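Q: I have a model open and want to go through how its helices pack. Can we start with one helix pair and work outwards?

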Amino acid sequence: MKLEQAVGLVLRKHRTVEKISQFKLAKLTGYDRSFISLLERGHRTPTVKTIFVLTTHLKISPSRFIDEVHQLVESDIMEY
């Protein structure tokens, strides 16, 4: 799995767990809703700053977010 796809899956997972719409997350973070959508679909890669802002509102630590992304990327590599 590509890094961008893994980021999108983890972002969507935590957003839905918190029952936050893309629109609401955009309002909370100051990002555009379309940017949130692009991240979730793997069309954009977030900066470190963006990860910190998003995870603050998703109530998880940036390190947990990165760990989950890393696990998805690594598990895909291990399948080969």
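Q: Which hand does the crossing of H2 and H4 have?
A: The crossing of H2 and H4 is right-handed, meaning that the near helix is turned clockwise from the far one by less than a right angle; anticlockwise would be left-handed. Helices here are DSSP runs of H or I with at least four residues, strands are runs of E with at least two, and both are numbered from the N terminus.

Q: Is this predicted or experimental, and what got filtered?
A: This is a predicted model, where local features need pLDDT of at least 70, side-chain atom pairs count only at pLDDT 80 or more, and totals for chains, interfaces and linings use all residues. Residues are numbered from 1 along each chain as its sequence is written, and side-chain values use heavy atoms, with hydrogens and water left out.

Q: Back to the pair. At what angle do the axes of H2 and H4 cross?
A: At roughly 115°, with the axes of H2 (residues 22-29) and H4 (residues 48-58) coming within 10 Å. The axes are lines fitted to C-alpha atoms, for helices over the stretch in contact, and angles run from 0 to 180 degrees between N-to-C directions.

Q: Which residues make the contact?
A: H2 contributes Leu25, Leu28 and Thr29, and H4 contributes Val53, Leu54, His57 and Leu58. Contact means heavy atoms within 4.5 Å.

Q: How do they divide into nonpolar, polar and charged?
A: Five are nonpolar, two are polar and none is charged. In this scheme Ala, Val, Leu, Ile, Met, Phe, Trp, Tyr, Cys and Pro count as nonpolar, Asp, Glu, Lys and Arg as charged, and the others, Gly among them, as polar.

Q: Which residues of H2 are buried?
A: Gln22, Leu25, Ala26 and Thr29. Buried means under 20% relative accessible area, exposed over 50%, and partly exposed in between, with a 1.4 Å probe and protein chains only.

Q: Why do those count as one side of H2?
A: Because they cover an arc of only 105° around the axis, they sit on the same side of H2. The arc is that of the directions from the helix axis to the C-beta atoms. Phe23 and Lys27, on the other side of H2, are exposed.

Q: What do the buried residues of H2 pack against?
A: Helix H1 (3-17), helix H3 (33-40) and H4.

Q: And which residues of H4 are buried?
A: Thr50, Ile51, Leu54, Thr55 and Leu58. Their arc around the axis is only 120°, so they are on the same side of H4. Lys49 and Thr56 are exposed on the face turned away from the buried side.

Q: Thr50 is a threonine on that side. What does Thr50 touch?
A: Tyr31, Phe35 and Leu39, leaving aside neighbours within four places in sequence. Thr50 has a relative accessible area of 6%, so it is buried.

Q: And Leu58, with which residues is it in contact?
A: With the same exclusion of neighbours within four places, Leu58 is in contact with Leu11, His14, Arg15, Glu18, Ile20 and Leu25.

Q: How many residues does the largest nonpolar core have?
A: 16, and those with the most contacts inside it are Leu11, Leu25, Ile36, Leu54, Leu58, Phe65 and Val69. Such a core is a set of buried Ala, Val, Leu, Ile, Met, Phe, Trp, Tyr and Cys residues joined through side-chain atoms within 4.5 Å. H1, H2, H3, H4 and helix H5 (62-78) each supply at least two of its residues. The largest share, four residues, comes from H1.

Q: What does Val7 touch?
A: Pro46, Phe65 and Val69, not counting residues up to four places away in sequence. Val7 is in helix H1, and its relative accessibility is 7%, so it counts as buried.

Q: Switching to backbone. What follows H2 and H4?
A: H2 is followed by Gly30, with a positive phi near 85°. After H4 comes Lys59, whose phi is also positive, near 60°. Most residues other than glycine have a negative phi.

Q: Where is Lys59, and is it buried or exposed?
A: Lys59 is in the loop between H4 and H5, and it is exposed, with a relative accessible area of 64%.

Q: What about Lys19, what is its phi?
A: Lys19 has a positive phi of about 55° although it is not a glycine. It lies in the loop between H1 and H2, and at 75% relative accessibility Lys19 counts as exposed.
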